[in-house]
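Let's work through a few exercises on how two chains meet. Have the sequence and the model open beside you.

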There are 2 protein chains.
Amino acid sequence: MRIIRYDDAGTARWGVIDAGGTVRAAAGDPYTELVPGDPVGGDVRLLAPVTPSKILCVGRNYADHAAEFGNPVPKEPLIFLKPPSSIVGPGEAVVYPSLSGRLDPEAELVVVIGRAGRRVKAEDAMSVVFGYTIGNDVTARDIQKSDPQWTRGKGFDTFCPLGPWVDTQFDPSDVRVTCTVNGELRQDGRTRDFIFGIPELIAYVSAFSTLEPGDVIMTGTPPGVRPVQPGDTMTVTVEGLGELSNPVLAEDA
Amino acid sequence: MRIIRYDDAGTARWGVIDAGGTVRAAAGDPYTELVPGDPVGGDVRLLAPVTPSKILCVGRNYADHAAEFGNPVPKEPLIFLKPPSSIVGPGEAVVYPSLSGRLDPEAELVVVIGRAGRRVKAEDAMSVVFGYTIGNDVTARDIQKSDPQWTRGKGFDTFCPLGPWVDTQFDPSDVRVTCTVNGELRQDGRTRDFIFGIPELIAYVSAFSTLEPGDVIMTGTPPGVRPVQPGDTMTVTVEGLGELSNPVLAEDA
């Protein structure tokens with residue numbers, strides 16, 4: 001099932017979308033008992049399909065991406081947070097901050113948690129996974145490098161596009177993850193090249209922080225990162241899952 | 001007014017508390033129209049008095065604390081995030097992780113946001129402030145130092161005691177902030193020694209991230225940081241605001 005959130009005259013509602021693009025409204029809690037109902041007519045604007053209490057991110061989780069910035073392959077997952085205020089949905093603009101001179105998209109497969117979990121063992125990790133979506137860990141690279149912590153460089157409003165849906169039947173074990181900009185392929189990798197697999201990531205983060213339904217783990221980005229400019233369109237594709245496009249808008253535009 | 005959250009047979013409710021300790025239930029949104037009602041009888045267990053979507057923290061905001069760890073005085077505020085899952089209330093145990101060998105309390109004055117704000121100017125900053133509470137930025141110092149980012153070292157469950165109330169009439173401009181452990185004074189500073197004042201902090205963080213009602217800004221910690229052990233009780237006091245005590249419990253105890 002592909003689960004969405006959509007805009008219904010200013011109210012965010014849960015729904016489902018089928019392979020043909022038909023949206024149905026859905027009732028109930030998405031993580032326990034979502035019941036699809038009638039089709040929704042007209043144009044439907046999709047929102048980010050999750051409302052996480054925390055966005056856990058993993059740095060340098062593809063060996064070749066770590067290498068492109070001259071970083072060693074980490075011995076443990078490198079964890080950081082993006083604030084929920086940075087989330088935008090499919091098609092929404094990512095604002096290029098006037099404070100930055102280098103903005104990079106980072107294509108990512110995103111794990112969506114469906115069940116609370118603390119100290120989850122790797123072998124039990126899939127039991128807390130609800131599904132998968134697509135993310136773009138937008139980064140003001142210059143600010144990330146000049147600040148002592150990554151919080152600001154990765155935490156600006158609009159720096160976390162997520163969507164278009166959460167696929168609850170997706171197999172993430174060996175799929176292609178790409179970022180194209182204005183149709184030109186830039187980042188290109190496969191999830192089989194993760195340094196730390198999804199079960200290991202869930203075990204690692206839940207060893208310090210309780211995972212809550214709706215929380216997301218962004219699994220890191222493949223090599224090929226290059227900057228974008230206002231006017232560009234960034235498209236992150238995860239093979240078999242879908243694609244997530246967002247235009248880049250200059251601040252104050 | 002001193003605003004609290006309290007446990008009512010398993011449900012968290014908003015309330016107010018007077019100088020004599022009498023708790024009244026309260027109805028309505030705490031940030032716009034909280035209306036105190038009848039006194040609540042019996043023992044009342046206070047909860048953390050806020051439910052922030054993000055916990056923005058400032059590192060090294062007292063010049064003498066920066067110096068004690070050999071760090072230069074920063075030219076800009078050093079911002080990091082703690083996850084909401086790290087919050088505990090007054091009296092709740094802080095769990096000493098088995099993964100760490102050094103746990104430090106950090107006494108902090110905490111700003112509570114009452115009104116959404118983006119790109120708030122320093123001169124307008126007080127208009128988005130709802131009030132103030134007390135916080136303890138508990139830190140696994142060894143993990144903070146060995147990890148590339150501070151997220152894990154400062155983000156364990158229970159590492160963010162907050163409370164006991166939000167005081168909406170408090171003047172934070174020159175008050176003493178201390179941490180005592182088992183009654184012994186350790187940290188001791190005054191808010192007049194902030195490197196970056198509250199209006200500057202609000203301007204700085206809202207320049208990248210929209211502040212939401214209930215969000216908190218932890219304003220940094222004064223010098224005197226020293227480790228605690230399981231069995232210790234940490235008490236953070238902000239002069240005129242109150243005190244926040246939490247015991248340290250060994251993991252798996």
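Below are three exercises on the contact between chain A and chain B, each with a worked solution.

This is a predicted model, where local features need pLDDT of at least 70, side-chain atom pairs count only at pLDDT 80 or more, and totals for chains, interfaces and linings use all residues. Residues are numbered from 1 along each chain as its sequence is written, chains are lettered from A and ligands numbered from 1 in the order in which they are written, and side-chain values use heavy atoms, with hydrogens and water left out.

**Exercise 1.** Find how many residues each chain brings to the contact, and the area buried.

*Solution.* Start with contact, meaning heavy atoms within 4.5 Å: chain B and chain A each give 30 residues. Next comes buried area (the accessible area, 1.4 Å probe, that two parts lose on being put together, summed over both). The two chains bury about 2,700 Å², with 53% of it on carbon and sulfur atoms. On the chain B side, B:Gln149, B:Arg152 and B:Phe208 lose the most area to chain A, together 25% of what that side buries.

**Exercise 2.** Count the salt bridges between the chains and look at one of them.

*Solution.* Look for a side-chain nitrogen of Lys or Arg within 4 Å of a carboxyl oxygen of Asp or Glu. There are ten salt bridges between chain B and chain A. One of them joins B:Arg119 to A:Glu251, whose closest N and O atoms are 3.2 Å apart.

**Exercise 3.** Work out which surface the copies meet through.

*Solution.* Compare the two sides: 100% of the interface residues of chain B are also interface residues in chain A, so the copies meet through the same surface.
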